[in-house]
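User: Hi! I'm new to this one and would like a friendly walk through it. Could you bring it up and explain your terms as we go?
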Amino acid sequence: MWKYKIFDVSLFIASLIVGLSFAPLEVDLTKFLIVISIFLVFSAVYSNITIQHGNGGGTFDYGISYSLSFILFAGPFGLLIFEFFHRFNVYFQRKYTKTADADEFTDTLYNIGSFVLYNTVGFIIFFTVLPYAQTIPFGYFLLFFAVTLINRLQASGLMAFAFYLSGNIKSWSEVVTLFFKKITLFDIGKVSITNALLYYFVMESQWEMLIGLFLLNYVVSKSFVSNQEKVQNELERDRFREMAYTDFMTGLSNRAMMDKQMDEINGTDEVLGIVVADIDKFKQINDNYNHAVGDRVIQHFAEVLKAHTTKEDCVFRSGGEEFTIFLRGRNYVECLDFLKSVSTHVNAHPAEVEFDGKETFIDYSASFGLYFNKMTEELPMERAYIYADQLLLEAKEQGRNRHVVKNGERSAAYA
């Protein structure tokens, strides 16, 4: 942890050296105070919606930066002054609101140092190339685009190195994924055009246009963040819904989802087969081996059921070693074929498990109860499920490893 803190402090010291080497300011002091006041006010507002990028080892500013336009106006020394006041203003805001990270102080030094250093490189490149860029169409904006891209690459490189020192990334593939793959031409274009216009309005002293552009960017940024939060909330809501309806041992739907599905089918006149299945003598498996082996047998049976059902069917782990299947879009004979196919597969393919440090195979069987009928208002799903469960009990009583079925009022047993 201390390595990346030393890196943060080193960047800050380097930025002081670089910034002071460009002192004093070479712009009119009154104009500088006007510009820095406007930038600081809007930077304070933007700090509440700035996108943050963190990975457990510090949180670094990774949002849109308007520092390029400021350094082109005031030079590296002017940017050092601006970044110092801006970053420490954010620091004290977070301390006051108790939203600061444990490493907020060194993160603040990192932000000051990195923004001053890589923007100084952009500053040098910009004024070196500007005379040539002005000779070609749209050269002014193309130059801003190129410098913004170079700055973004520098920023990503510095951030990747900081995260490497903090121990949060360990491979080049992680660096590429976390920092460089997220660079898009759209983002570079948005930042470069904004900074180009900001710089133009500053140099022309068009304060109304400058403030208008800041306001426009605030509205757009706020809208973007709101949309991102909405999408994130929807993703989290879907994830929690999935967690609430998923059995995590098998990946199947759980009893809560089964009850929900039953409510949806009730009274629809849908014809379906309700299968209740149970692993035979499961307690003996747990007693003779252990619960980890028993869990693996349950997972094996779940995999068999998933392999033999279609996307229209519904498969649930309804409790312990018991499973329930709603066979949909099938006739009675096709439901019988399903039972025979699953039974044959289970008997022919034992579960591969690890026991006492060795790979071994567990032979097991399963019993099934199938009730096939139309789900009407007179025959609710709850009652049909009870019928199928009773048929499973009959299969157990008749010797296990068999299925007892009922098509309406007619029943039969198959070994």
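Analyst: Happy to! One term comes first: buried means under 20% relative accessible area, exposed means over 50%, and partly exposed lies in between, with a 1.4 Å probe and protein chains only. This is a predicted model, where local features need pLDDT of at least 70 and side-chain atom pairs need pLDDT 80 or more, while totals for chains, interfaces and linings use all residues. Residues are numbered from 1 along each chain as its sequence is written, and side-chain values use heavy atoms, leaving out hydrogens and water.

User: Thanks. How many helices and strands does the protein chain have?
Analyst: There are 13 helices and 10 strands. Both are DSSP runs numbered from the N terminus, with helices being H or I of at least four residues and strands being E of at least two. Of the 415 residues in the chain, 46% count as buried.

User: And salt bridges, how many are found in the whole structure?
Analyst: A search finds 13. The rule is a side-chain nitrogen of Lys or Arg within 4 Å of a carboxyl oxygen of Asp or Glu. One of them pairs Glu 264 with Lys 260, with the closest N and O atoms 2.9 Å apart.

User: Where do Glu 264 and Lys 260 sit relative to each other?
Analyst: They are four residues apart in helix α9, so about one helical turn separates them. Glu 264 is partly exposed at 46% relative accessibility, and Lys 260 is partly exposed at 33%. Arg 255 and Asp 259 form another salt bridge, at 3.4 Å between the closest N and O atoms. Those two are also four residues apart in α9, which covers residues 255-265.

User: What about Asp 278 and Lys 396, buried or exposed?
Analyst: Both are buried. Their side chains meet in a salt bridge of 2.6 Å, N to O. That pair links distant parts of the chain, with Asp 278 in strand β3 and Lys 396 in helix α13, 118 residues apart. Shared partners also join Asp 278, Asp 280 and Lys 396 into one network of salt bridges.

User: Staying with strand β3, which residues is Leu 272 in contact with?
Analyst: Leu 272 lies in β3, residues 270-279, and is buried with a relative accessible area of 0%. Beyond its neighbours within four places in sequence, its contacts include Ile 265, Phe 326, Tyr 371 and Met 381. Contact here means heavy atoms within 4.5 Å.

User: New topic: helix α12. Which of its residues are buried?
Analyst: Among them are Tyr 332, Cys 335, Leu 339 and Val 346. The buried residues cover an arc of only 155° around the axis, which puts them on the same side of α12. That arc is taken from the directions from the helix axis to the C-beta atoms. Val 333, Thr 344 and Ala 348 are exposed on the face turned away from the buried side.

User: Any backbone oddities? What joins Ala 23 and Pro 24?
Analyst: A cis peptide bond, with omega about 0°. Pro 24 is in the loop between α1 (2-21) and α2 (29-46). Then there is Asp 356, which has a positive phi of about 55° although it is not a glycine. Asp 356 belongs to the loop between β6 (351-355) and β7 (358-362), and at 66% relative accessibility it counts as exposed. Arg 400 also has a positive phi, near 65°, and is not a glycine either. Its place is the loop between α13 (381-397) and β9 (403-407).
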